[in-house]
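Reader: I'd like to go through the pockets and helix packing here. For every label, please tell me what earns it.

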Amino acid sequence: MPNILCRLPNHIGDCCMALPGLQLLEQSGFMPVLVGKRWAGDLFAGMGWRFDPIEGHVTEDMGRIRRLAAVLGEKPRGLLFPNSFSSALLFSIGRVASAGFGTDGRGFLLDKKLPEPGKMHEVERFFTLAHSALLAWGAKPAWDTVPPQLELKLLTRHEAGARNLIEKYDIPERFALLAPVARGVHHGKKKSWPHFNALCAPLREMGIEPIVFPSPDEAAEAKVACPDARILPPTTLGTFAALAKKASVVVANDSGVSHIAAAVSAPQITLIGVTDITRTSPWNPKAVVLGNEKDGWPSVDTVLGELTRLCAA
C-alpha cells in the first residue's frame with residue numbers, strides 16, 4: 001500500500017473534520033502517514049497511522065520531513081490539509097511531491113494543484129481535497145460522498161484512562177462534560193457563550209454532574225467562566241475523547257471540544273454566536289446546534305430546555 005505523507009491541520013477541530021478525507025485515502029489503497037502538531041499523535045493514536053510531530057521550528061521541521069520522506073520511498077507523495085504557503089514550502093524543501101488546493105499563492109510549489117471548491121462544510125472540503133488528489137494520482141476513490149460520521153477510533157488505554165479518571169475523581173455515572181472556553185476571537189467577537197455557569201445547578205437537579213476538563217492553558221479561564229462546575233486537571237486528547245463518549249451530554253462552544261464529541265458520536269449541544277454554522281457545525285447526527293452567526297447566542301432558557309430534553313431521553 002503506497003504511503004501518503006499528510007500534513008494535518010493546525011487546530012483540533014480541523015483535524016477531527018479531516019478524518020473522512022484520511023479514511024478515504026486508506027480505503028482507496030493509500031496509507032496515511034501523518035505529520036502535525038504533537039497533540040495530534042494522541043488524538044489519532046487509535047487510527048493505526050504513523051504519526052510524526054513537527055514543532056514549528058523551521059530548520060528542525062525541514063530536517064524531520066526530509067528524513068521521513070527518505071523512509072517513505074524514492075518519490076514520496078504528500079497531501080496538504082492546511083491552506084498555508086508554509087506547509088507547501090516545507091514539503092517542497094523536504095522533496096515531497098505534494099497535492100493541495102492552490103491557496104495562499106503556493107500553486108508553484110505543488111506537484112498537483114487541485115481546483116479549490118466553492119463554499120462548503122469543512123468536512124466536505126477536506127474530503128474533496130482527498131478525493132481530488134486520488135483522481136489526480138490516477139487512483140479510483142473508494143467512495144464519492146462524505147460519510148455521515150467521523151468515526152474516530154480510540155485505544156484501549158484511552159478507554160481505560162477515562163475509567164480511571166472517573167474512579168479517581170468519583171465522577172458519577174451521569175455527568176455532563178462542559179467546555180466553557182473557546183480561545184481567540186472571530187471578526188473581533190468572543191467565541192465563547194457567557195452563561196455556562198447557569199447550567200450547573202439545573203444539571204445537578206437532573207442528577208447530572210457538570211464536569212470540566214480544561215486544556216492546560218485554559219484552566220484559569222475555565223474557573224472564571226464556570227466556577228460552580230467541578231474543574232478537574234487536564235488530560236490527554238485521546239482520554240478526553242473517551243470521556244466525551246461516556247458523558248450523558250457534551251456542551252461546548254464552536255471549538256475543538258465540539259468536534260471531538262462529534263468524532264466519537266457523543267450526545268452534544270454546540271453553542272454558536274459568531275461563527276458560520278454552515279462551515280464548522282459538528283459532523284454528528286446526534287448533535288444539537290443552538291444559535292447562529294446572524295441572530296447571535298442562544299438564551300439560557302433555550303439551552304436548558306434542550307438539555308432537559310436530551311437528558312430525559
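Reader: Which elements each supply at least two residues of the lining of the largest pocket?

Author: The helices are H1 (12-17), H3 (39-43), H6 (122-136), H10 (237-246), H11 (256-263) and H12 (277-280), and strand E7 (175-179) joins them. Helices (H or I, at least four residues) and strands (E, at least two) are DSSP runs, numbered from the N terminus. This is a predicted model, where local features need pLDDT of at least 70 and side-chain atom pairs pLDDT 80 or more, while totals for chains, interfaces and linings use all residues. Residues are numbered from 1 along each chain as its sequence is written, and side-chain values use heavy atoms, with hydrogens and water left out.

Reader: What makes the largest pocket a pocket, and what is its volume?

Author: On a 1 Å grid over the protein atoms alone, a pocket is an open set of points with protein on both sides within 12 Å along at least five of seven lines; a cavity is a set where a 1.4 Å probe fits but cannot get out, and lining residues have an atom within 4 Å of a point. The volume of the largest pocket is about 1300 Å³, counted as the space filled by probe spheres on points joined across faces, edges and corners. Its lining has 48 residues, with His11, Ile12, Gly13, Ser255 and Gly256 closest to the centre. By class, that lining has 22 nonpolar, 14 polar and twelve charged residues.

Reader: And what is known of the second largest pocket?

Author: The second largest pocket has a volume of about 280 Å³. It has 15 lining residues, and Arg7, Gly56, Asp61, Ser86 and Leu90 are the closest to its centre. H4 and H5 are the elements that give two or more residues to this lining, and H5 gives the most, with four. The lining splits into five nonpolar, six polar and four charged residues.

Reader: Which residues line the largest cavity?

Author: Lys191, Asp254, Leu271, Gly273, Val274, Thr275 and Trp297. The structure holds one cavity of 30 Å³ or more, and the volume of the largest is about 30 Å³.

Reader: How do you know that its lining has three nonpolar, two polar and two charged residues?

Author: Ala, Val, Leu, Ile, Met, Phe, Trp, Tyr, Cys and Pro count as nonpolar, Asp, Glu, Lys and Arg as charged, and the others, Gly among them, as polar. Leu271, Val274 and Trp297 are therefore nonpolar, Lys191 and Asp254 charged, and Gly273 and Thr275 polar.

Reader: Why are H4 and H5 called oblique?

Author: Their axes, fitted to C-alpha atoms over the stretch in contact with angles from 0 to 180 degrees between N-to-C directions, come within 8 Å and cross at roughly 50°. Under 35 degrees counts as roughly parallel, over 145 as roughly antiparallel, 65 to 115 as roughly perpendicular and the rest as oblique, so H4 and H5 are oblique. In the contact (heavy atoms within 4.5 Å), Asp61, Met62, Ile65 and Arg66 of H4 meet Leu90, Phe91 and Ile93 of H5. Five of these residues are nonpolar, none polar and two charged.

Reader: What makes H2 and H6 roughly parallel?

Author: H2 (residues 19-27) and H6 pack at about 25°, with axes 7 Å apart. That angle falls under 35 degrees, so the pair is roughly parallel. Pro20, Gly21, Leu24 and Leu25 of H2 meet Val123, Phe126, Phe127, Ala130, His131 and Leu134 of H6. Eight are nonpolar, two polar and none charged.

Reader: And why is H7 called roughly perpendicular to H10?

Author: H7 (residues 156-168) packs on H10 at an angle of about 70°, with the axes 8 Å apart. The 65 to 115 range holds that value, which means roughly perpendicular. H7 brings His158, Glu159, Gly161, Ala162, Arg163, Leu165 and Ile166 to the contact, and H10 brings Gly238, Thr239, Ala242, Leu243, Lys245 and Lys246. This contact has five nonpolar, four polar and four charged residues.

Reader: What is the handedness of the crossing of H7 and H10?

Author: Right-handed: the near helix is turned clockwise from the far one by less than a right angle, whereas anticlockwise would be left-handed.
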